[in-house]
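Please open the model in your viewer and keep the sequence beside it. The tour below moves from the whole chain to single residues, with something to select at each stop.

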Amino acid sequence: MTFEWNRINKHEDQIESDVTDRVRDHVCEHYKITEIEELTPSQFQEIVAFAAELNEYSPMQIGFRNLINSIDEMMEENQ
């Protein structure tokens with residue numbers, strides 16, 4: 001019998017969600033904020049710089065990418 005993993009995408013989605021939550025939680029804790037929307041532009045740039053220096057194969061990259069994209073979307077909506 002050939003190995004299969006039905007609905008593997010559900011597991012991948014859960015892992016992505018978990019990593020994104022961990023990144024958000026750490027950012028909020030580090031900057032002592034309760035919502036990502038409270039980040040200053042300077043703090044946002046620090047996060048972007050940190051993510052750029054992070055190993056491209058780090059599992060945390062997906063969380064930082066999701067966070068950065070989320071903030072970018074918020075900024076566009078507020079313009």
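What does the accessible surface of the protein chain come to, and which share of it belongs to carbon and sulfur atoms? Show the surface of the whole protein chain: it comes to about 6400 Å², and carbon and sulfur atoms account for 50% of it, where accessible areas come from the Shrake-Rupley method with a 1.4 Å probe and, for residues, only the protein chains shown count as cover.

Before going further, note that this is a predicted model, in which local features need pLDDT of at least 70 and side-chain atom pairs count only at pLDDT 80 or more, while totals for chains, interfaces and linings use all residues. Residues are numbered from 1 along each chain as its sequence is written, and side-chain values use heavy atoms, with hydrogens and water left out.

Now switch to a cartoon view, in which the protein chain has 3 helices and 0 strands, running α-α-α from the N terminus on; helices (H or I, at least four residues) and strands (E, at least two) are DSSP runs, numbered from the N terminus. Turn the chain along its principal axes, and its C-alpha atoms fill a box of roughly 55 × 25 × 20 Å. The radius of gyration of the protein chain is 15 Å, whereas a compact globule of 79 residues would have one near 12 Å; this radius is taken over C-alpha atoms, and the globule rule is 2.2 Å times the number of residues to the power 0.38.

Next, select Val27, Tyr31, Ile36, Leu39, Ile47, Leu67 and Ile71, which touch the most other members among the 15 residues of the largest nonpolar core. Such a core is a set of buried Ala, Val, Leu, Ile, Met, Phe, Trp, Tyr and Cys residues joined through side-chain atoms within 4.5 Å. At least two residues of this core come from each of α1 (8-31), α2 (41-53) and α3 (61-77), and α3 gives the largest share, 5 residues.

Stay with Val27, which is in contact (heavy atoms within 4.5 Å) with Ile36, Leu39, Ile47 and Leu67, leaving aside neighbours within four places in sequence.

Finally, select Thr20, found in helix α1. Is Thr20 buried or exposed? Thr20 counts as buried because its relative accessibility is 10%, given that buried means under 20% relative accessible area, exposed over 50%, and partly exposed in between (1.4 Å probe, protein chains only). Not counting residues up to four places away in sequence, Thr20 touches Ile62, Gly63 and Asn66.
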